[in-house]
Amino acid sequence: MKEVPLLQVVNISKQFGGVRAVDGVSFELCQGEILGIVGPNGSGKTTLVNLLTGFIKPASGKVFYKGRDITALAAHEIAGLGIARTFQMVRPFYHLPAFKNLIVPLYSPRVKRLSGGKFGDRDAVAIDLLEEVGFERDSFVPYKPASALPHGYLKRLELARCLALRPALLILDELFSGLSMAEVASTLPVLEKLQIEGITLIMVEHRLRELFRLANRVIVLNFGAKLAEGTPQEIINNEEVKEAYLGSEAV
Amino acid sequence: MVSRRRERLERGIKVRTDDVYALCSTKEMLYLVAPRLIPILVLLLLPLILPTYWQKVVIFTGVFALLSISWDFLYSFTGLVSLGQALFFGVGAYLAGSLNHYFDISPGLTIPISTIAGATLCTLFLLPALRLRGIYFAMITLVLPLIFLRIIEATAILGGTDGLTALAPLPGIWIELYLILGIMLVALFALRRLVNSDFGLVLRGIHDNDQAVKGAGINIYWYKAQALFIAALLGSFAGAYLTHVYMFVGLSAFALDFTVVPIAATVVGGMGTLGGSVLGAFILVPLSEVLRAFGPLRIVFYALLIVVFIILKPEGLFNYLQRKYREFERWVEV
Ligand SMILES: Nc1ncnc2c1ncn2[C@@H]1O[C@H](COP(=O)(O)OP(=O)(O)OP(=O)(O)O)[C@@H](O)[C@H]1O
Ligand SMILES: [Mg+2]
């Protein structure tokens with residue numbers, strides 16, 4: 001008996017003018033897995049994330065979540081199903097204090113539903129979540145407007161905003177880029193904890209060392225198409241991948 | 001030789017961060033309450049000593065203050081650039097006029113009905129435009145009142161170019177005065193509360209970054225529609241109310257003034273504060289009356305004054321006063 005995969009992507013494509021940003025990509029994802037997506041700049045990783053989360057509609061192909069066709073759903077409906085995503089280019093609410101950024105997802109229909117209609121102190125929950133991603137609780141940092149936060153905090157604010165949605169599937173678009181070594185080191189345990197909690201992860205990442213440590217499986221994109229798929233070890237040893245992508249970089 | 005420099009200090013942060021602290025001492029409480037209480041008292045007592053002509057000006061100012069709050073709420077808190085306060089106003093005005101003229105319903109009912117029905121209609125009219133951003137949404141809101149105006153003109157429905165006349169008046173000048181001032185104050189404080197609620201945070205999130213709000217699982221169109229409805233409530237009320245004050249509704253209900261003056265008032269008073277919109281209206285509308293003495297040059301002076309205001313205090317008067325109230329300066333020896 002084969003269980004229904006959590007996410008099933010079938011032959012999905014999207015062009016921008018003449019550019020085939022995503023070109024016939026298919027893959028499956030099981031509950032609890034960590035899937036890595038890598039590829040050179042402009043290979044279509046962000047576009048793929050946008051297609052999965054409904055921010056862009058595909059030209060062709062389908063996305064199934066728990067066996068249900070979600071291709072035509074609006075972005076907020078997909079988020080409401082528990083598929084949360086971070087933005088590679090951070091999108092905080094600059095005019096709101098950092099912790100108030102989390103009120104928006106905490107106020108969403110999904111969270112209201114999951115908390116059974118009753119909701120206690122949203123502000124307190126928001127502060128707890130920020131602490132989880134490494135905001136110093138007893139400092140001014142959580143109360144500063146997002147516009148006053150350094151980039152590393154904004155990246156982790158993206159993560160916290162996703163966590164506030166209590167996601168079942170979390171898609172991280174280059175969460176680690178722009179983070180310091182120390183910030184990466186303190187964020188990794190958060191992701192490991194999520195995995196233990198059974199949350200499925202898709203990680204688009206340029207930081208291969210960290211990614212290969214976490215991921216169960218990796219997909220390599222090149223010019224929008226899937227070049228290879230396999231365990232981190234298989235990907236590292238794949239000649240084609242080395243040529244397309246890893247060639248210049250020492251892993 | 002001793003050189004001195006001016007030091008600028010923030011007054012009692014503790015008092016400001018949370019209203020609960022205000023109870024600590026009478027002085028702190030006064031500090032918090034006075035800037036709200038004094039303008040309200042002045043506003044409520046002023047009409048008692050004004051001559052009839054200026055009482056009418058207060059009424060008119062209240063109408064524009066409502067429209068200004070409505071504009072500031074839409075723009076500063078939801079990011080919807082509306083050039084259609086005349087739409088809200090005109091729809092409310094014509095609804096009230098029609099209900100009174102054709103069905104003989106009294107003002108006590110036409111005003112609430114027109115407020116709610118007008119807001120609903122305006123929201124429905126603009127629903128398709130909610131997906132448009134910035135200037136595109138603005139264009140639609142600007143064009144709709146012009147379309148209604150031409151339709152009424154061309155088909156001669158609803159009184160055509162003559163309008164609907166001899167409508168029922170409100171019972172007396174005092175009701176007129178305190179109804180508009182009361183509603184204005186209630187709207188002001190209710191909206192200031194609303195924008196700081198969790199609902200308001202979502203609206204401000206939409207203004208900041210609508211994609212991120214979508215990503216948080218929230219239907220931004222539903223929220224924009226609600227914001228639009230709230231803004232239209234204020235506009236439609238103003239229209240319905242003034243119809244009964246004038247006992248007349250005509251094509252002037254869709255006049256561009258109702259769109260332009262609220263924006264100017266908000267810019268002068270300070271955007272994003274709601275209170276600034278009211279302050280701006282209470283400066284600009286009476287000013288425009290004073291300038292009547294200049295005859296045809298009135299508009300020139302008016303426009304110049306607005307420009308001067310904006311150049312001198314681009315943050316808006318309300319923000320400026322609020323900042324000055326919170327900080328104090330003193331000379332210190334260096
Ligand atoms: N909105 C858009 N309009 C036009 N072209 C686009 C758009 N978004 C992406 N593209 C193009 O599609 C291709 C894939 O872009 P995408 O951002 O998905 O790549 P990426 O793999 O995420 O790159 P990076 O590693 O730099 O983040 C690029 O050629 C890009 O220029
Ligand atoms: Mg990208």
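## Polar contacts of ligand 1

An oxygen atom of ligand 1 is placed 2.7 Å from an N or O atom in the side chain of A:Thr46, in a model that is predicted. For the side chain of A:Gln88, the corresponding separation between an N or O atom and an oxygen atom of ligand 1 is 2.9 Å, while for the side chain of A:Glu174 it is 3.4 Å. Of the accessible area that ligand 1 has on its own, 630 Å², the protein covers 61%.

## The shell around ligand 1

Two elements of chain A, strand S2 (19-29) and helix H1 (45-52), each give two or more residues to the shell around ligand 1. Helix H1 of chain A gives the most, with three residues.

There are 14 residues around ligand 1, and those that come nearest are A:Gly42, A:Lys45, A:Thr46, A:Thr47 and A:Gln88. By residue class, the shell divides into eight polar, four nonpolar and two charged residues.

## The magnesium ion

Two of the residues already named in connection with ligand 1 also appear at ligand 2. This ligand is a magnesium ion, coordinated by OG1 of A:Thr46 and OE1 of A:Gln88 at 1.9 to 2.1 Å. The pair links distant parts of the chain, since A:Thr46 belongs to helix H1 of chain A, whereas A:Gln88 lies in the loop between strand S6 (83-85) and helix H3 (98-101) of chain A, 42 residues apart.

How accessible are these two residues when the protein chains alone are considered as cover? A:Thr46 has a relative accessible area of 26% and is therefore partly exposed, and A:Gln88, with a relative accessible area of 25%, is likewise partly exposed, because both values fall between the 20% limit for buried and the 50% limit for exposed residues.

## A buried residue in strand S7

A:Leu172 is found in strand S7 of chain A, which spans residues 169-173. Its relative accessibility is 1%, so A:Leu172 counts as buried, the limit for that class being under 20%.

Although A:Leu172 and A:Gln88 are 84 residues apart in sequence, their C-alpha atoms are 8.0 Å apart in space. Once neighbours within four places in sequence are left aside, A:Leu172 is in contact with A:Thr86, A:Leu159, A:Leu191, A:Leu201, A:Ile202, A:Met203 and A:Val204.

Note on methods: Residues numbered from 1 in each chain as written. Chains lettered and ligands numbered in written order. Predicted model: local features only at pLDDT ≥ 70, side-chain atom pairs only at ≥ 80, totals over all residues. Heavy atoms only, no water. Near = heavy atom within 4 Å. Polar contact = N/O pair within 3.5 Å; in protein donor to acceptor, adjacent residues only side chain to side chain. Areas by Shrake-Rupley, 256 points an atom, 1.4 Å probe, with all protein chains shown as cover. Helix = DSSP H or I, 4+ residues; strand = E, 2+ residues; numbered from the N terminus. Nonpolar A, V, L, I, M, F, W, Y, C, P; charged D, E, K, R; others polar. Buried < 20%, exposed > 50% of the residue type's maximum accessible area, 1.4 Å probe, protein only. Contact = heavy atoms within 4.5 Å. Donors = N, O, S within 2.8 Å, 3.2 Å for Na, K, Ca; no water.
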